Amino acid sequence: MRRFLAVLLMAGILPGVAYARVVDLLLVMAVDVSRSIDEEEFTLQREGYAQALTDPAVVTAIRSGPMGAIAVAYMEWSGAGLQAVLVPWTVIDTMEAAQRVAAILRREPRPFGERTGVGAAIGASVALIEAAPHEGLRQVIDISGDGRNSSGPEPRAFRDIAVEKGIIINALPIVNDKPTFGRMEVDLPGFFRDEVIGGPGAFLQVAEGFGSFAAAIKAKLVREIAWQGQADESQRIAVIPLGK
């Protein structure tokens with residue numbers, strides 16, 4: 001159905017929506033900026049996304065799809081009622097377009113830093129995809145975070161809603177040895193695997209500390225953009241760590 005709609009959009013047959021661009025992927029980058037993430041870690045996250053989006057391997061993956069383009073939205077989130085879209089839906093089809101998105105990430109201030117509302121972040125990401133002005137042959141939510149849900153509804157129900165709508169959720173848990181307000185996170189990858197990711201080919205990409213975040217997000221973006229078909233169960237739940 002999506003491919004049929006894509007043909008109609010490209011031909012301008014559907015009245016009122018001919019302005020929409022058909023892209024290979026609608027990608028929401030939903031990034032945790034809760035209070036457990038200090039300013040140094042926040043900067044490493046922002047710079048990690050900026051570097052990854054402008055990496056030649058990522059741009060090559062973008063250009064290799066049948067449409068040669070993706071559309072991205074970048075959202076930072078914290079507590080259940082705190083989500084801020086820093087980059088509204090933007091088509092990336094060249095290095096220059098990727099660099100414009102990276103420039104926004106490098107200049108915008110941090111919006112907030114409260115508790116961790118993973119479920120609400122997924123719900124807001126689904127709403128972003130449903131409001132996208134472009135038609136994506138695939139839809140993916142790319143959610144990163146360093147802690148479990150501590151604000152608002154649990155993520156499982158929102159994950160299931162997204163999957164029912166044909167949206168894939170991948171996750172990038174950030175594992176480090178710093179306590180979160182006096183307690184250590186236990187099996188954070190397991191939480192994201194069991195409660196967050198979902199859909200055909202969904203996977204985890206673990207960042208072992210914020211220092212490896214840029215490399216982790218690059219590997220994750222390449223895999224998301226270049227996805228060619230449904231992975232088997234072992235690949236779907238695979239945890240792919242990178243060195244510190």
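# Briefing: strand S3, its neighbours and the aromatic pairs

Ala71 in strand S3 (residues 70–77) stands opposite Val91 in strand S4 (residues 83–92). This is a predicted model, in which local features need pLDDT of at least 70, side-chain atom pairs count only at pLDDT 80 or more, and totals for chains, interfaces and linings use all residues. Residues are numbered from 1 along each chain as its sequence is written, and side-chain values use heavy atoms, with hydrogens and water left out.

**The chain as a whole**

- The chain has 9 helices and 9 strands; these are DSSP runs numbered from the N terminus, helices being H or I with at least four residues and strands E with at least two.
- Of the 244 residues, 53% count as buried, a term that means under 20% relative accessible area, with exposed being over 50% and partly exposed in between (1.4 Å probe, protein chains only).
- Among contacts (heavy atoms within 4.5 Å) with a separation of 6 or more, 81% come from residues 24 or more positions apart.
- The chain exposes about 10400 Å², of which carbon and sulfur atoms supply 56%; the areas come from the Shrake-Rupley method with a 1.4 Å probe, and for residues only the protein chains shown count as cover.

**Strand S3**

- Because 8 of the 8 residues of S3 are buried, the strand is largely enclosed by the rest of the structure.
- In a regular strand the side chains alternate between the two faces of the sheet.
- On one side of S3 the buried residues are Ile70, Val72, Tyr74 and Glu76, and on the other they are Ala71, Ala73, Met75 and Trp77.
- S3 pairs with strand S2 (residues 25–32) in the parallel sense over 8 bridges, pairing being assigned if DSSP finds at least two bridges between two strands.
- Val31 stands opposite Glu76 in S3.
- With S4, S3 pairs in the antiparallel sense over 7 bridges, and a hairpin of 5 residues joins the two strands.

**Aromatic rings**

- The structure holds 3 aromatic pairs; rings of Phe, Tyr and Trp (its six-membered ring) pair if their centres lie within 6.5 Å, and planes under 30 degrees apart count as stacked, over 60 as edge-to-face and the rest as tilted.
- Tyr49 and Tyr74 form an edge-to-face pair, 5.5 Å centre to centre with 80 degrees between the planes.
- This pair links distant parts of the chain, with Tyr49 in helix H2 (residues 39–53) and Tyr74 in S3, 25 residues apart.
- Tyr49 and Tyr74 are both buried, and ring pairs link them with Phe213 into a cluster.
- Phe191 and Phe192, both buried, also form an edge-to-face pair, at 5.3 Å centre to centre and 80 degrees between the planes.
- The charged end of Arg223 sits over the ring of Phe203, 4.0 Å from its centre; the criterion is NZ of Lys or CZ of Arg within 6 Å of the ring centre and within 35 degrees of the ring normal.

**Gln45 in helix H2**

- Gln45 is found in helix H2 and counts as buried, at 1% relative accessibility.
- Beyond its neighbours within four places in sequence, Gln45 is in contact with Val31, Asp32, Val33, Ile37, Ser144, Ile174, Phe210 and Phe213.

**Helix H6**

- In helix H6 (residues 155–164), Pro155, Arg159 and Ala162 are buried.
- The buried residues of H6 fall within an arc of 65 degrees seen down the axis, so they line one face of the helix; the arc is that of the directions from the helix axis to the C-beta atoms.
- Their cover includes helix H5 (118–130), strand S7 (168–175) and helix H7 (188–195).
- Gly166, just after H6, takes a positive phi of about 85 degrees.
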